[in-house]
Amino acid sequence: MTAAMRMRPARRSVMLGAGLAIGSGLAGIPLGGAAAPTEQEIVAAPRSFSLTGNAAAVTAGWGYADAFPPPTLRVKLGDTLRVRLINRLPEHTSIHWHGIRLPNAMDGVPYLTQPPVEPGAEFVYEFRPPDAGTFWYHPHCNSIEQIGRGLMGVLVVENPDDPPFDADIVCLYRDWRFDQAGNFTALSTDEGAGRAGTMGNFHTVNGVNAPVIDVPAGGLVRLRILNLDSARVITATLAEQPAWVIAIDGNPIAPVAFDQWQMGPAMRLDLALRAPDREGAIFTLVNTFLAEPLILASFRAAGPAKTGRSDGPPALPASPIPRPDLGNAEALPFSFSASSATALDPQDQLPDLSALQSALGTNEPVADFLCRPQRIFWAINQRPWPGQTGDRIPPPLATLTRGRTYIFELINTTPHTHPIHLHGHTFLVIESNKRTVMPYHTDTVLIHTKERVKIAFVADNPGDWMLHCHIIEHQDTGMMGYVRVA
Ligand code: C2O
Ligand code: CU
């Protein structure tokens, strides 16, 4: 069968490429004479997590560490992060470093920026994050399964010039889809994938259902809230506790009083607050997006009250994001819509999955298939993402001139909300047809029904950069593409 024959040379070249990529990755990073970074190891493997709290579940998941979540990766601004990914999964994987402006070869998109890391293989990621903040990492292929089963972790880039906090607390929110025995139920359904996403039923912060987290009484606390759910949009609210917003999606802002903030999947929010003085006092993080507001986590003031404090909002130093030249920008529209089969560009059509599978038989590795959607519901500019394989990468949605400013108009023609994410660049949200926007930097912006949002950025990072919805089922069923900066 012709398709099967085409797959074989592709797989051989992938294996050869894996060795080369490690070498060129190292050579491509300017080390600036600094001491060699310490290498951290991340092993992606099947693991049993016990997720506890008011409700408890043990489940056979996939993870980067024995417990969920894995320890937060921390690197100092200016230092190089070096991570060896070891793949003990039954299928290929990679790590994408969400929100980091890094060299394209380190971006972790199988076939597009690196060969997939096959079962038993390794890949070394090495880069120096240019911006401090709250980021995260996850695979970028077969994501419904890989992220759904637990492959994710938090990456904090610490700025030594940040004001001192008495506590720095990461709150990783995500749901899981379990039955009563703690076994996964279907991670995706057609009803979910074709609408707002398949929602989980077991809510966790840091792997615990409704945890109680101690904060130093009277202390200045930094809360790093991450919505790492695959589908659910939350409205983060603090009950009984004033706070300031100090960063959005990792990017510092001039502190503003916090009221509430809508966070789609992949979005982050850094808050600063003064914990209550009275030992035992409680405040809560609540999701008020739901008709029935849900407490995600509680915080309890612990220990003797801190004294000698100053009460101004702690401002973080700004990140060195290039300033867009709006006067000389080129505007490009990107429409996010349902797909219509007739709109599939024949050039983009990859061989039929079931034909390939039966041609290869059950003994053949099926890893090449996992970067391809098995169902198509969505599209960008009428083009549903057909997937990528070793011998076939679809063309980019647009080619951008390196160094030029672009204004992307992100147009949501669907009745659903989409968190739209661009790799490799941090953009400025400048305008919406539906709400007043105070311009801010981000890598993921929530676009509501019938909304048109303009974002601006300098295309200063060469390479192929994914542009997609971060509702993972939308991403995996067509709402994905990439732009090329050349
Ligand atoms: Cu958080 Cu393309 O990903
Ligand atoms: Cu979406």
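A donor, as the word is used here, is an N, O or S atom within 2.8 Å of the metal (3.2 Å for Na, K and Ca), and since water is not among the atoms, sites may look incomplete. This is a predicted model, in which local features need pLDDT of at least 70 and side-chain atom pairs count only at pLDDT 80 or more, while totals for chains, interfaces and linings use all residues. Residues are numbered from 1 along each chain as its sequence is written, chains are lettered from A and ligands numbered from 1 in the order in which they are written, and side-chain values use heavy atoms, with hydrogens and water left out.

Let's start at the metal. The copper ion (ligand 2) takes its protein donors from His 418 (ND1), Cys 469 (SG) and His 474 (ND1), which lie 2.0 Å from it. Written as a spacing along the sequence, those donor residues read H-x50-C-x4-H. The two histidines bring distant parts of the chain together: His 418 sits in strand β25 (residues 418-422) and His 474 in helix α5 (residues 472-475), 56 residues apart. Helices (H or I, at least four residues) and strands (E, at least two) are DSSP runs here, numbered from the N terminus.

How covered are these residues? Buried means under 20% relative accessible area, exposed over 50%, and partly exposed in between, using a 1.4 Å probe and protein chains only. On that scale His 418 is buried at 1%, Cys 469 is buried at 0%, and His 474 is buried at 0% as well. Away from the donor list, Cys 171 also counts as buried, with 1% relative accessibility.

β25, the strand that holds His 418, belongs to an open sheet of 5 strands with mixed pairing, ordered β23-β31-β30-β25-β28. Two strands pair if DSSP finds at least two bridges between them. At the edges sit β23 (398-400) and β28 (444-447), each pairing on one side only. From one strand to the next the twist averages 25 degrees; axes are lines fitted to C-alpha atoms, for helices over the stretch in contact, and angles run from 0 to 180 degrees between N-to-C directions. Look at the β23 edge and you'll find a parallel pairing with strand β31 (residues 480-485) over 3 bridges, where Ala 398 stands opposite Val 483.

The other edge strand, β28, takes us to the largest pocket, because β28 is among the strands that each supply at least two residues of its lining, along with β15 (244-248), β16 (251-257), β17 (260-263) and β27 (440-442). A pocket is found on a 1 Å grid over the protein atoms alone: it is an open set of points with protein on both sides within 12 Å along at least five of seven lines, whereas a cavity is a set where a 1.4 Å probe fits but cannot get out, and lining residues have an atom within 4 Å of a point. The volume is about 630 Å³, taken as the space filled by probe spheres set on the points, with grid points joined across faces, edges and corners. Of the 25 lining residues, Ile 248, Ile 253, Trp 261, Met 438 and Tyr 440 are the closest to the pocket's centre. β16 gives the most to the lining, with 5 residues.

Next, strand β29 (residues 452-458), where 5 of the 7 residues are buried. Strand β24 (residues 405-412) runs antiparallel to β29 and is joined to it by 7 bridges, with Ile 411 opposite Arg 452. Strand β26 (residues 427-432) is also antiparallel to β29, through 4 bridges, and there Glu 431 stands opposite Lys 454.

Another open sheet has 4 strands in the order β3-β8-β7-β5, again with mixed pairing. Its edge strands are β3 (73-76) and β5 (96-98). β3 pairs in the parallel sense with strand β8 (residues 153-158) over 4 bridges, and Arg 74 faces Val 156 there.

Finally, the disulfide. Counting pairs of cysteine sulfur atoms within 2.5 Å gives 1 disulfide, joining Cys 141 to Cys 371 with an S to S distance of 2.1 Å. Cys 141 lies in the loop between β7 (133-138) and α2 (143-148), and Cys 371 in the loop between α4 (353-360) and β22 (378-380), so the link ties together parts that are 230 residues apart in sequence. The bond is left-handed, at -130 degrees about S-S, and both cysteines are buried.
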